[in-house]
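Me: I would love a close look at one part of this protein, with its surroundings explained step by step. Could you take me through a single helix and then on to what lies beyond?

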Amino acid sequence: MMRTLKDLEFWFVTGSQPLYGQDAIDACVAHADDMISQMNEFGLPCKIVNKGVVTCTEEITKLMKEVNYQDQCAGVIIFAHTFSPSKMWIKGLVSLQKPLLHLHTQYNQEIPYATMDMDFMNLNQSAHGDRETGFIASRLRIPRKVVVGYWKDPEVTAKIAGWMRSAAGVVLGKELKIARFGDNMRYVGVTEGDKIEVEIKLGWECNSYAIDELAELIAKVTPEELAAKMAEYNEKYTMATDNIAAVEYQAKTEIAMEKFFGELDADAFADTFQDLYGMEQLPGLAVQNLMASKGMGFGAEGDWKVAGLAAVMKRMGEGVGKGGTAFMEDYTLNLEKGNEFIMGAHMLEVDPTVAATKPTIEVHPLGIGGKADPARLVFDGKGGEAICCSLVDMGGRLRLICNDVVCMQPDVPMPKLPVARCLWKPLPSQPEAAEAWIYAGGSHHSVLSFDLTAEQMHDWADMNGIEFVHIGKDLDMDRFKQRLFVNDMAFKLR
Ligand code: MN
């Protein structure tokens, strides 16, 4: 399994120099100690570790090498308390391979007019020093997050917390293994992609396996294992079928998957209804329960990219608790004028992480795949603000598309619909957002998250060196199309 947020920490480095004497450096050390001990009480998702005050090239270079080498360190936060000449940072920053946040703040909140002297001015000059630091990071073209404001301000803390999650997504992604049963759904384009490019940029490893290896494991599930899984289903969900044998087949499938993915150390997987040799049912309930209980990333129809994105976004959003992160698919539309919205669903595999109602276990026929009627969870999705993200391969580069959306819990019964369903209005409106999404080449498969924001996904994309486009309330279609055009050229030049 990939590590999680709790396994990670961030290193805080305070920049200074010897020019103002040891007293000034001692004051920097004391200020950094105070800031970091207080910031660790602000409810950040990961701990900040104080790495002291650096004053020369050798110290900075040594520290950045250590940042790269220590696995628990997910990134570095720098603050140039006094003036820290930036040529000292070149060798260190050139070698840095982890996310970087530049915190432009100041130890004191207000200017102390009555008491300030030149010693105070020399000590508290991040207004000056942080610009020097900014210059060298820009000169080196280092993707990084710049956060500006008083370090105790909750808005500043929230920005740091949000970035920590994005940085963790970058670092944890380097550990992600995606298992793919079979290949892509025949003839489908948007779910395809360059696995080598993805591994180079995002670190995700994707390898394929035969589904009959899973079928062999299903046949070996013991009665005790099956009883325990059925008890778990009965506790979490409402059994709304008499076809218990069909539910038991999904339970055995899930047990087999847990063993198979555990052996592979995989946190995401994809399957396809066109490659189910040896299987009695398309995995439905099995996948749904795995996504919600183990944070498994999943993609249907061979869509390994969305599976990886779901796994990473689930780790990034861990503990936020606003509503979950789930594999989703645009299914059908309400095109009533002025009240346009999207219904998301899938033929089976909607993640109950985003359920507003207690899911029911039901068994219904599935028109495609040519297998037995599969058991699945049926529920209504939650309401609330969320984002929808799609990762596409543009040929030579990856593009992440992120749309701000407002989800609505359905208030009408859908007695004939045998799958889970979610409703959302994309911003600024469904017609405008879908137009932009289609120009950008976004998939019908996406990751819906109540726990993450467009800003966090933008930071994540920047740190990974991939393209990011945002569709939100301020969408301007001319500018959006121009951005796609300019990005196309910019990425060709890279
Ligand atoms: Mn699909």
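Reply: Happy to. A residue is called buried when its relative accessible area is under 20%, and exposed when that value is over 50%. Please keep in mind that this is a predicted model.

Let's start with helix 7, which spans residues 195-202 and has E197, V198 and L202 as buried residues. These residues cover an arc of only 100° around the axis, so they sit on the same side of helix 7. On the other side of the helix, I196 and I200 are exposed.

What lies over the buried residues? The cover of helix 7 includes three helices and two strands: helix 6 (154-173), helix 12 (304-316) and helix 14 (454-464), along with strand 15 (384-393) and strand 16 (398-408).

Now to the ends of helix 7. At the N-terminal end, D194 acts as a cap, with a side-chain oxygen 2.9 Å from the backbone nitrogen of I196. After the helix comes G203, which has a positive phi, near 85°.

Strand 15 and strand 16, both part of that cover, are joined by a loop that contains G395. With a relative accessibility of 54%, G395 counts as exposed. Between G395 and F485 there are 15 Å in space, C-alpha to C-alpha, and 90 residues in sequence.

A word on the cysteines, too. The structure has zero disulfides, a term that calls for two cysteine sulfur atoms within 2.5 Å. For C206, the closest cysteine sulfur belongs to C389 and is 20 Å away, too far for a bond. C206 is itself buried, at 9% relative accessible area. The sulfur of C407 has its closest cysteine sulfur in C422, at 6.6 Å, which is again too far for a bond. C407 is buried as well, with 5% relative accessibility.

Finally, there is the manganese ion. Its protein donors are E301 and E329, each through OE, and H346 and H445, each through NE2, at 1.9 to 2.2 Å from the ion. Along the chain, these donors follow the spacing E-x27-E-x16-H-x98-H. E329 belongs to strand 11 (residues 325-334) and H445 to strand 18 (residues 445-449), so this pair ties together parts that are 116 residues apart in sequence. Both E329 and H445 are buried.

Methods. Residues are numbered from 1 along each chain as its sequence is written. This is a predicted model: local features need pLDDT of at least 70, side-chain atom pairs count only at pLDDT 80 or more; totals for chains, interfaces and linings use all residues. Side-chain values use heavy atoms; hydrogens and water are left out. Buried means under 20% relative accessible area, exposed over 50%, partly exposed in between (1.4 Å probe, protein chains only). Helices (H or I, at least four residues) and strands (E, at least two) are DSSP runs, numbered from the N terminus. The arc is that of the directions from the helix axis to the C-beta atoms. Contact means heavy atoms within 4.5 Å. A polar contact is a pair of N or O atoms within 3.5 Å; within protein, one must be able to donate a hydrogen and the other to accept it, and residues adjacent in sequence count only if both atoms are side-chain atoms. Donors are N, O and S atoms within 2.8 Å of the metal (3.2 Å for Na, K and Ca); water is not among the atoms, so sites may look incomplete.
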